[in-house]
Amino acid sequence: KLTIAQARPLLIEDEAGKIDLNNAPKEMIAGLLGEFAPADQASALTDAILERRASFAPPAPRPGRFFTRGSVTFQSLASLAFSDISEVRLIPGMSAALYQQLQPYITVYSLGPLINRQTASRVALLAVPNVSANDVDALIARRGAAEEVAPAQLSAFARYTDIADLQTVTIVAQAHLTGGISFTREAVVAVSPDQQSGLPRFLRWRQRAGGDDHAADIDDGSG
């Protein structure tokens with residue numbers, strides 16, 4: 001009989017710190033693609049993503065200082081243009097190599113046009129139009145402290161970012177079994193900060209490939 005000798009989280013990510021394929025404004029998607037692809041390819045892929053979105057769903061809310069996040073619901077996720085980030089591979093011209101580069105910075109779970117500037121990666125923040133690498137580095141350096149400038153005065157950051165409670169996270173954990181066997185699992189989990197006693201809801205579960213550990217996705221049918 002095998003028992004777990006050790007289990008530990010490898011990574012915890014806020015999905016709101018990523019760029020939502022279904023809701024992010026065109027310029028944010030173009031900015032992210034522009035970090036990994038030539039300008040003409042990034043422009044063509046951006047247009048193709050927006051065309052797919054237009055054929056599946058009504059236009060996303062325009063970003064702005066008055067946008068606020070509503071309660072997260074995943075009831076309509078399956079009807080959106082992208083129900084999983086892997087579906088961006090269906091876009092003509094999207095190579096496997098480019099998808100692998102984009103994968104850490106895109107999501108379908110934030111359900112809003114803005115990214116959380118307190119948890120977003122440097123790469124995701126660099127996709128914000130009209131900001132420099134120095135602007136991004138300064139913003140990251142101020143994390144954990146009260147913002148000295150009101151959000152409405154943060155210029156480009158105010159249009160494309162906000163500060164939000166944790167609602168959906170990706171957790172990657174690794175377990176080691178007696179006998180030298182190990183495996184890694186990845187889960188997307190919906191959490192309720194205002195209901196601390198409530199049970200988290202698993203929205204996606206993936207067995208990460210490695211050795212004999214074949215990859216498989218399991219979606220929560222309730223979401």
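A charge is taken to sit over a ring if NZ of Lys or CZ of Arg is within 6 Å of the ring centre and within 35 degrees of the ring normal. In the predicted model described here, Arg52 meets this description, lying over the face of Phe82 at 5.1 Å from the ring centre. The surroundings of this pair are taken up again below, after the overall features of the chain.

The protein has 223 residues, of which 39% count as buried. Its secondary structure consists of six helices and nine strands. Among contacts between residues at least 6 apart in sequence, 64% join residues at least 24 apart. The accessible surface was computed as about 12,100 Å², and 53% of this area belongs to carbon and sulfur atoms.

The largest nonpolar core contains 40 residues. Those with the most contacts inside this core are Ile19, Met28, Leu33, Phe82, Val88, Ile91 and Met94. Two or more core residues come from each of H1, H2, H3, H4, H5, helix H6 (156-160) and strand E7 (182-190). For Ile91, contacts other than those with neighbours within four places in sequence are made with Leu45, Ala48, Ile49, Arg52 and Phe82. Ile91 is thus in contact with both members of the charge-ring pair, Arg52 and Phe82.

Arg52 also takes part in a salt bridge, in which its side chain meets that of Glu87 at 3.7 Å, N to O. This salt bridge links distant parts of the chain, as Glu87 lies in the loop between H2 and helix H3 (96-102), whereas Arg52 belongs to helix H2, 35 residues away. Glu87 is partly exposed, with a relative accessible area of 21%. Ala81 lies in the loop between H2 and H3. With a relative accessible area of 1%, Ala81 is buried. When neighbours within four places in sequence are left aside, the contacts of Ala81 are Asn22, Arg52, Arg53, Phe56 and Glu87. Both partners of the salt bridge between Glu87 and Arg52 are therefore found among the contacts of Ala81, a residue that counts as buried because its relative accessible area is 1%, under the 20% limit. Ala81 and Leu21 are 60 residues apart in sequence, and their C-alpha atoms are 8.3 Å apart in space.

A search of the whole structure gave five salt bridges. One of them joins the side chains of Lys26 and Asp47 at 3.3 Å, N to O. Lys26 is in helix H1 (residues 26-34) and Asp47 in helix H2 (residues 39-56), so that this pair links parts of the chain 21 residues apart, and Asp47 is partly exposed at 31% relative accessibility. Lys26, at 44%, is also partly exposed. Another salt bridge is formed by the side chains of Asp137 and Arg122, at 2.7 Å, N to O. Because Asp137 lies in helix H5 (residues 133-141) and Arg122 in helix H4 (residues 122-126), this pair ties together parts that are 15 residues apart in sequence. The relative accessible area is 34% for Asp137, which is partly exposed. Arg122 is likewise partly exposed, at 36%. In addition, Glu13, Glu15 and Lys18 are joined into one network by salt bridges that share partners.

One aromatic pair is present in the structure. The rings of Phe36 and Tyr105 have centres 6.0 Å apart and planes at 15 degrees, so this pair is stacked; planes under 30 degrees apart count as such. Phe36 is in the loop between H1 and H2, and Tyr105 is in the loop between H3 and strand E3 (106-107), so the pair ties together parts 69 residues apart in sequence. The two residues fall into separate accessibility classes: Phe36 is partly exposed at 25%, whereas Tyr105 is buried at 18%.

Positive phi values in residues other than glycine were noted for Leu111 and Asn130. Phi of Leu111 is near 55 degrees, and the residue is placed in the loop between E3 and strand E4 (115-116). Leu111 is partly exposed, at 28% relative accessibility. For Asn130, phi is about 65 degrees; Asn130 is in the loop between H4 and H5. The relative accessible area of Asn130 is 78%, and the residue is exposed.

Technical notes:
Residues are numbered from 1 along each chain as its sequence is written. This is a predicted model: local features need pLDDT of at least 70, side-chain atom pairs count only at pLDDT 80 or more; totals for chains, interfaces and linings use all residues. Side-chain values use heavy atoms; hydrogens and water are left out. A salt bridge is a side-chain nitrogen of Lys or Arg within 4 Å of a carboxyl oxygen of Asp or Glu. Helices (H or I, at least four residues) and strands (E, at least two) are DSSP runs, numbered from the N terminus. Buried means under 20% relative accessible area, exposed over 50%, partly exposed in between (1.4 Å probe, protein chains only). Contact means heavy atoms within 4.5 Å. Accessible areas come from the Shrake-Rupley method with a 1.4 Å probe; for residues, only the protein chains shown count as cover. A nonpolar core is a set of buried Ala, Val, Leu, Ile, Met, Phe, Trp, Tyr and Cys residues joined through side-chain atoms within 4.5 Å. Rings of Phe, Tyr and Trp (its six-membered ring) pair if their centres lie within 6.5 Å; planes under 30 degrees apart count as stacked, over 60 as edge-to-face and the rest as tilted.
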